[in-house]
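Reader: I'm new to this one. Could you show it to me and let me ask why things are called what they are called?

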Amino acid sequence: MSKALDGVRVLDFTHVQSGPTCTQLLAWFGADVIKVERPGEGDATRGQLRDIPGVDSLYFTMLNHNKRSITINTKNKKGLAVLDELIKTCDVLVENFAPGALDRMGITWDHIQKLNPRMIVASVKGFGPGPYEDCKVYENVAQCAGGSASTTGMDDGLPMVTGAQIGDSGTGLHLALGIVAALYQRNTTGRGQKVLAPMQDAVLNLCRVKLRDQQRLERTHTLHEYPQYPDGKFGDAVPRAGNASGGGQPGSILKCKGWETDPNAYIYFITQAAAWPAICRVIGEEEWITDEAYATPQARLLHLKPIFRRIEQWTMTKTKFEAMDILNKYDIPCGPILSMKEIAYEPALRETGTVVEVDHPTRGKYLTVGNPIKMSDSPTEVTRSPLLGEHTDEVLAQLGFGAADIAALRAEGAV
Ligand code: COA
C-alpha cells in the first residue's frame with residue numbers, strides 16, 4: 001500500500017529528541033528520511049543512557065525508526081560537497097542545532113536556495129527571535145519558559161516539570177505539521193520556505209488554557225475551578241492547580257483500593273455535569289441530586305473538596321479497574337492512573353500498533369511507541385533504527401558516487 005509522504009526525501013540533520021521526533025513521524029508517513037551524522041560519533045544519544053554496553057541506546061533507537069543513516073563530516077570540504085548533493089536532491093532539510101550552527105557550517109538559507117529553491121528548511125530552536133534567541137535549550141528549560149512549570153504542581157510546592165516531553169517531542173510534532181503544510185503550499189508556489197518551531201512557543205501553545213485563565217484571573221481576581229477557591233488566596237498570576245482539572249468539568253485524582261502500597265492505585269474522576277445524577281446514585285448520595293447546595297455545577301464549585309472526599313470514600317472500596325468498569329456503565333468520565341509497566345503490557349495498545357516490539361541486530365527485541373496517528377490509507381510499519389553510517393555507501397551510490405570515489409571520501413575522513 002502507498003504511504004502519504006511517498007516520494008518525499010528528507011535530509012535529516014537532527015539530533016537528540018525534538019528534531020528526531022519530527023523526522024521519525026515523516027518517515028512513518030512514508031518519507032525517505034536520510035539521517036546525517038558525524039563520522040565515528042553519530043547522534044550523541046546513541047551513547048547516552050545505555051542499558052547494554054556498546055549498543056545503541058533505547059533513547060536513540062526509539063526516536064530514529066524507519067530512517068537511513070549516512071555519516072558526513074561537515075567540517076571537511078569534501079564532506080560539505082556531499083551534503084550539497086543531498087540538498088539538491090531532497091525536498092526538506094530538518095535541523096535542530098544550536099542557533100547559528102548551520103550558518104557556521106556554511107549551509108545558509110541563501111546557499112540552500114541557490115542549490116535547491118524548492119527546499120523546505122525546518123528548524124527547532126529553543127526560542128524565537130528575542131532576548132533568548134541565541135540560547136541552547138533542552139526539554140525542561142522549554143517547559144519552564146513556556147508556562148508549563150509555573151502552572152504545574154501543588155500550590156504550596158515548587159514549580160514542577162512534567163514527564164511528558166512537551167518541549168522536545170511536543171515541538172517535534174509542531175514542526176512536522178509545519179513541514180507538511182509547507183510541502184502542500186509548495187504545490188502551488190513551486191518554492192520552498194523556512195519553517196521554525198521554537199520550543200518555548202510550542203510549550204506555550206500546549207499551555208493555551210493557562211493563558212486563558214491568566215486573563216480570567218486579571219478580570220475577576222478568582223478562578224472558581226481551582227483548588228484555591230473558595231478558601232485560599234489568589235495572587236496576580238495563574239497558580240498551580242495540583243490535580244484539579246481547572247476547566248469546565250471539575251476533576252481530581254482519588255485513591256483506590258490498595259493505594260497504601262501501590263503508588264498508582266488511583267483514578268482520575270470527573271464530575272461531568274451531565275453525569276451528576278449517576279455519580280450521586282453510585283456513591284449513595286441520591287439526595288445531592290436535588291439538594292440546592294449540590295444540584296447545579298455553579299453550586300458545586302463551592303463544595304468541590306468535600307464532594308471529592310465523599311467520592312473517594314467510594315473509590316477506596318474498589319480497585320482502579322473495578323471503579324472504571326462501574327463508572328463507565330454510567331458514562332461517568334474517569335481514567336485509571338496507569339504505570340508504564342501496565343501500559344507496556346496492555347494488549348489493546350499492542351493490537352493498534354501504539355506499543356510495538358522491534359528487533360534490532362545488536363540489541364535484540366525491545367518495545368517502542370509506534371505511530372500514534374492512524375491513517376486508513378497510509379499504515380505504519382515500524383522498522384528498526386539504522387546503525388551509524390549503515391546506509392552511507394547506499395546513499396552515496398544513489399547520488400552517483402562510484403566505489404572508488406566513496407573509498408577516497410572515506411580515506412579523507414569526509415564520510
Ligand atoms: N560533522 C561535523 N560537525 C558536526 C556535524 C557533522 N556531521 N553535525 C554537527 N556538527 C557540529 C556543529 O557544526 C556544531 O559545531 P560548532 O559549534 O563548531 O558550530 C557542533 O557539532 C555542536 O552542535 P550543537 O547543536 O551546538 O550541539 P550541542 O550538543 O552543543 O547542543 C543542543 C545541543 C540540543 C543544546 C543544541 O543543539 C540546541 O540548542 N538545539 C536547538 C534546540 C533543541 O532542539 N533542543 C532540544 C534537543 S532535544
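Author: Here are some questions about labels and how each one is earned.

Author: One thing up front: this is a predicted model.

Reader: Fine. What makes up the secondary structure of the chain?

Author: There are 17 helices and eleven strands in the chain. The C-alpha trace spans about 85 × 45 × 40 Å along its principal axes, and 45% of the 415 residues count as buried.

Reader: Why is R186 called buried?

Author: Buried means under 20% relative accessible area. R186 has 8% relative accessibility, so R186 counts as buried. You'll find R186 in helix α7.

Reader: Which residues is R186 in contact with, leaving aside neighbours within four places in sequence?

Author: R186 is in contact with D91, R118, I120, R191 and G192, once those neighbours are set aside. To be on that list, a residue needs heavy atoms within 4.5 Å.

Reader: S169 is in helix α7 too. What makes S169 partly exposed?

Author: The label partly exposed sits between under 20% and over 50%. S169 has a relative accessible area of 22%, so S169 is partly exposed. Helix α7 covers residues 169–189.

Reader: What does S169 touch, not counting residues up to four places away in sequence?

Author: S169 touches Q17, T21 and E139.

Reader: And how far apart are S169 and H111?

Author: In sequence, S169 and H111 are 58 residues apart, and in space they are 29 Å apart, C-alpha to C-alpha.

Reader: What about D291: where does D291 lie?

Author: D291 lies in the loop between α10 (276–283) and α11 (297–300).

Reader: Why does D291 count as partly exposed?

Author: Same kind of check: the range runs between under 20% and over 50%. D291 comes in at 31% relative accessibility, so D291 counts as partly exposed.

Reader: Which residues form a negative surface patch?

Author: E286, E287, D291 and E292 form one. Patch residues need over 30% relative accessible area, and D291 has 31%. As for the sign, Asp and Glu count as negative.

Reader: How far apart are the mean positions of the positive and negative charges of the chain?

Author: They are 3 Å apart, for 44 positive and 49 negative charges.

Reader: Last one: how much of the accessible surface belongs to carbon and sulfur atoms?

Author: That share is 56% of about 20,900 Å². As for contacts with a separation of 6 or more, residues 24 or more positions apart account for 66% of them.

Definitions and conventions: Residues are numbered from 1 along each chain as its sequence is written. This is a predicted model: local features need pLDDT of at least 70, side-chain atom pairs count only at pLDDT 80 or more; totals for chains, interfaces and linings use all residues. Side-chain values use heavy atoms; hydrogens and water are left out. Helices (H or I, at least four residues) and strands (E, at least two) are DSSP runs, numbered from the N terminus. Buried means under 20% relative accessible area, exposed over 50%, partly exposed in between (1.4 Å probe, protein chains only). Accessible areas come from the Shrake-Rupley method with a 1.4 Å probe; for residues, only the protein chains shown count as cover. The place of a charge is taken as NZ of Lys, CZ of Arg, CG of Asp or CD of Glu. Patches are made of residues with over 30% relative accessible area and no salt bridge: like charges are joined within 9 Å, nonpolar side chains (Val, Leu, Ile, Met, Phe, Trp, Tyr) within 5 Å. A salt bridge is a side-chain nitrogen of Lys or Arg within 4 Å of a carboxyl oxygen of Asp or Glu.
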